[in-house]
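Work through the exercises below with the coordinates open. Try each task before reading its solution.

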Amino acid sequence: MERLVMHVDMDAFFASIEQRDHEEYRGKPLIVGGLSGRGVVSTCSYEARRFGVHSAMPIVRARRLCPQGIFVEGDYAHYKAVSQEIFAIFARYAPVVEPLSIDEAFLDLTGMELLMESPRAYAEKLKAEIREKTGLIASVGIAPNKFLAKLASDLEKPDGLVIITEQTKQAVLDPLPVSRIWGVGQKTAARLEDLRIRTISQLRRTPRERLARDLGAHMADHLLALASGIDTRPVAPREPAKSIGKEVTFPTDIESAEAVERVLLALSEKVGYRLRRTGCKGRTVQLKLRLGDFRTYTRSRTLAEATCYDQEIYETALALYRALGVKQGIRLLGISVSGFDTSGAISLFHEEARKENLYAAIDAIKKRFGEQGITKAQLLKRCDEDEDNGDEV
């Protein structure tokens with residue numbers, strides 16, 4: 001049985017909610033994000049995109065590109081509530097739904113062909129129900145696998161509906177730039193450019209041996225499969241996690257406290273990001289530490305209030321590390337958070353709201369560039385340079 005996968009992506013989700021709720025914003029360039037000098041754009045309306053504004057852009061640059069824009073910090077608790085309405089609709093259209101983020105998901109329609117007039121009519125019905133019940137617009141892609149479905153949903157935004165079949169997939173893929181393939185970030189795209197590979201067609205026709213020599217065997221196989229429209233990953237619902245964590249094993253033991261602190265900060269950022277993507281906050285932070293002789297220690301601390309914020313996770317993990325008093329090389333470090341409070345309740349105090357806005361902006365960057373794409377330190381440096389010399393970054 002041929003698989004049938006739908007990808008639904010809400011168009012300019014945060015900005016669209018604001019325009020729905022505030023008549024004075026409609027038809028105007030609207031930018032949602034952190035409004036401080038170091039803030040970044042979480043998302044923006046299509047009217048703002050015509051001026052070159054996009055998500056993850058520093059607010060200072062967005063103001064220069066679109067001085068007539070309307071800038072708002074946003075209400076992220078409200079956006080999450082709207083997301084829950086939309087996912088309730090998804091659940092009525094497919095037996096298996098895989099969330100990707102607050103505003104997009106895969107729906108597995110395999111075997112449902114007899115229940116629908118056609119895949120296109122089914123998608124139109126879904127789009128119409130979302131618009132009727134939430135006042136928002138979604139773009140939809142339908143294809144034989146997840147990669148093609150996600151690609152299809154992005155081809156005719158906003159309000160798109162694109163279907164890719166096994167028969168048409170290569171005609172759609174071949175003219176596109178290699179950057180449209182999952183896993184091709186800025187670094188990989190630059191390496192492919194060095195090989196004079198710019199389009200998916202050129203990539204597909206490149207001998208595997210050549211790619212493996214320059215990019216490694218695993219990456220070569222990954223790129224060639226997707227360039228041919230092959231993706232065997234199933235649509236899988238996510239089971240509620242009991243904990244969310246990240247650990248790293250070092251090729252050589254690390255010795256200095258400064259190196260440990262840098263690693264703990266990086267781990268805290270990854271764990272905090274994943275907590276926020278799943279809509280969870282946890283009360284218990286655990287540190288895992290393994291020495292060069294393989295002795296392993298775990299220490300945990302339960303906080304007064306649940307958190308999903310990098311800084312609070314880092315400070316707790318750092319205190320646990322210092323309390324251990326380790327004086328020898330470390331082979332492995334890990335951080336996890338458990339004891340989830342999934343109520344989504346948010347403090348009404350200004351400081352808590354400020355944190356919500358700050359981390360929503362950071363997450364927009366990570367969604368655009370990937371978890372490895374940029375760190376907060378890099379972002380702050382870029383914003384400082386932008387403010388100091390007036391150059392666009």
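The exercises go from the whole chain to one sheet and then to two helix pairs; the model is a predicted one.

**Exercise 1. Overall make-up**

Task: How many helices and strands are in the protein, and what percentage of its residues count as buried?

Solution:
- Start with the secondary structure. The protein has 15 helices and twelve strands.
- Next, burial. The chain has 393 residues, and 46% of them count as buried.
- Then the surface. The accessible area is about 19,600 Å². Carbon and sulfur atoms hold 52% of that area.
- Last, contact range. Take the contacts with a separation of 6 or more: 66% of them join residues 24 or more positions apart.

**Exercise 2. A sheet of three strands**

Task: What is the strand order of the open sheet of three strands, and which strands are its edges?

Solution:
- The order is S3-S2-S4, and the pairing is mixed.
- The edges are S3 (41-44) and S4 (70-72), since each pairs on one side only.
- Neighbouring strands here are turned by 25 degrees against each other on average, direction ignored.
- Now add the helix. H1 (residues 13-21) packs on the sheet and touches S2, S3 and S4. The direction of H1 makes about 120 degrees with that of S2.
- Look at one pairing in detail. S2 (residues 30-33) runs parallel to S4, with three bridges between them. One residue to check is Val-32, whose bridge partner in S4 is Val-72.

**Exercise 3. Helices H4 and H5**

Task: At what angle do H4 and H5 pack, and what is the sense of their crossing?

Solution:
- H4 spans residues 76-93 and H5 spans residues 119-134.
- Their axes lie 10 Å apart, at an angle of about 150 degrees.
- Angles over 145 degrees count as roughly antiparallel. H4 and H5 are therefore roughly antiparallel.
- The crossing is right-handed.
- Contact residues of H4 include Ile-86, Ile-89 and Phe-90. Those of H5 include Tyr-122, Leu-126 and Ile-130.

**Exercise 4. Helices H12 and H13**

Task: How are H12 and H13 oriented to each other: oblique or roughly antiparallel?

Solution:
- Place the helices first. H12 covers residues 257-277, and H13 covers residues 310-324.
- Their axes come within 8 Å and cross at roughly 140 degrees.
- Roughly antiparallel needs an angle over 145 degrees. H12 is therefore oblique to H13.
- This crossing is right-handed.
- On H12, the contact includes Val-260, Leu-264, Gly-272 and Arg-276. On H13, it includes Asp-310, Ile-313, Ala-317 and Tyr-321.

Conventions: Residues numbered from 1 in each chain as written. Predicted model: local features only at pLDDT ≥ 70, side-chain atom pairs only at ≥ 80, totals over all residues. Heavy atoms only, no water. Helix = DSSP H or I, 4+ residues; strand = E, 2+ residues; numbered from the N terminus. Buried < 20%, exposed > 50% of the residue type's maximum accessible area, 1.4 Å probe, protein only. Contact = heavy atoms within 4.5 Å. Areas by Shrake-Rupley, 256 points an atom, 1.4 Å probe, with all protein chains shown as cover. Pairing = 2+ DSSP bridges. Axes fitted to C-alpha atoms, helices over the stretch in contact; angles between N-to-C directions. Parallel < 35°, antiparallel > 145°, perpendicular 65-115°, else oblique. Left-handed = near helix turned anticlockwise from the far one by under 90°.
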